[in-house]
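Okay, thanks everyone, I'll keep this short. Have a look at the sequence and the structure first, and then I'll walk you through it.

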Amino acid sequence: MIKMEHVSKVYPNGTVGLDDINLEIEQGEFVAIIGTSGAGKSTLIRTINRLTDITSGNLTVNGTDITKLKRKELRQFRRSVGMIFQSYNLVPRISVIKNVLNSRVAEMNFLQVLFAQFSKEDKKMALESLNRVGILDKAYIRTDELSGGQQQRVSLARTLAQDPQVLLADEPVAALDPVTANEVMDNFKKINKELNKTVLINIHHVDLALKYADRIIAIRKGKIVFDGPSDQVTQDILDDIYQKEDGGKNGKA
Ligand SMILES: Nc1ncnc2c1ncn2[C@@H]1O[C@H](COP(=O)(O)OP(=O)(O)OP(=O)(O)O)[C@@H](O)[C@H]1O
């Protein structure tokens, strides 16, 4: 369970990223975080794997106070909380399978890394992950030969291969066309349902958020202004979430 109690984040320049956030997310939930640009969506996601440190409040993941983790413990913790970015973060000139295997490097010693000695188990895990996102046939192709949607699936497979309990995704489909974005969201949903991984996605497209997530958390100016099941999000609630700050647009795809 991810639990935030009175969590705030004030950046060094004084900007308030998060303002007194309280939430609990159970294992296996599929949650979309929505809100206008600058609302604090990325900040919220990034505090959960400590890419951003909170400035006050309590933040626990499965009972562990993650604000107290030291370097080695933090590295270990981050393996249980995978992160997927809009820009894929893959090495373009190597094969797909090598990119996925890179997620296993954290478990290896120096010599194993130096000679790229991946175990059979590592390779099996990597291939299974590629299979789960539907691109096993691309395993030995150079990564930069794939489309954007396929690269995002590789990124998803790489994260899956580290066997995390939680998947955090920061605008994972923002760079994709609507059809491809739906395909990638289908992958997230499949992983969520079949493997009971918690999925927490920060997403601009309200339509996709409502279609795929079971729960919506809406943020405005660093505060939660809605937290509830997707099917309870009405137009009035959307109008409130997106009031004025973005000129009336609500990010619909
Ligand atoms: N490193 C930083 N230093 C100072 N202010 C920051 C930093 N990162 C984010 N902010 C500010 O914190 C607020 C929340 O930013 P955040 O990136 O979390 O919003 P967001 O909802 O993810 O926006 P977007 O949809 O545009 O990515 C914004 O006002 C932003 O300018």
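**Around the ligand**

So, let's begin with the ligand: around it sit Tyr-11, Asn-13, Thr-15, Gly-17, Gly-35, Ser-37, Gly-38, Ala-39, Gly-40, Lys-41, Ser-42 and Thr-43. Bear in mind that this is a predicted model. Sorted by class, that shell comes out as 9 polar, 2 nonpolar and 1 charged residues.

Which element gives the largest share of the shell? That's H1, with 3 residues.

Okay, staying with H1, which covers residues 41-48: 6 of its 8 residues are buried, so the helix is largely enclosed by the rest of the structure. The buried ones are Lys-41, Thr-43, Leu-44, Ile-45, Thr-47 and Ile-48. Lys-41 and Thr-43, then, are buried and also part of the ligand's surroundings. Right after the helix you hit Arg-50, with a positive phi of about 60 degrees.

Now, the core. The largest nonpolar one has 65 residues, and Ile-33 and Leu-200 have the most contacts inside it. What does Ile-33 touch, if you skip its neighbours within four places in sequence? From H1 there's Lys-41, Leu-44 and Ile-45, and then you've got Leu-200, Ile-201, Asn-202, Ile-217 and Ile-219.

Last bit, the start of the chain. Strands S1, residues 2-10, and S2, residues 16-25, run antiparallel with 6 bridges joining them. To pick one pair, Lys-3 is bridged to Glu-24 in S2. The two strands make a hairpin with 5 residues in between, and Gly-14 in that turn has a positive phi of about 95 degrees. Two of our ligand neighbours, Tyr-11 and Asn-13, are worth finding there on your screen.

Notes. Residues are numbered from 1 along each chain as its sequence is written. This is a predicted model: local features need pLDDT of at least 70, side-chain atom pairs count only at pLDDT 80 or more; totals for chains, interfaces and linings use all residues. A residue is buried if 20 or more other C-beta atoms lie within 10 Å of its own, exposed if 12 or fewer, and partly exposed in between; C-beta atoms are placed from the backbone. Helices (H or I, at least four residues) and strands (E, at least two) are DSSP runs, numbered from the N terminus. A residue is near a molecule or strand if its C-beta atom, placed from the backbone, lies within 6 Å of it. Ala, Val, Leu, Ile, Met, Phe, Trp, Tyr, Cys and Pro count as nonpolar, Asp, Glu, Lys and Arg as charged, and the others, Gly among them, as polar. Two strands pair if DSSP finds at least two bridges between them. A nonpolar core is a set of buried Ala, Val, Leu, Ile, Met, Phe, Trp, Tyr and Cys residues joined through C-beta atoms within 7 Å. Two residues are in contact if their C-beta atoms, placed from the backbone, lie within 7 Å.
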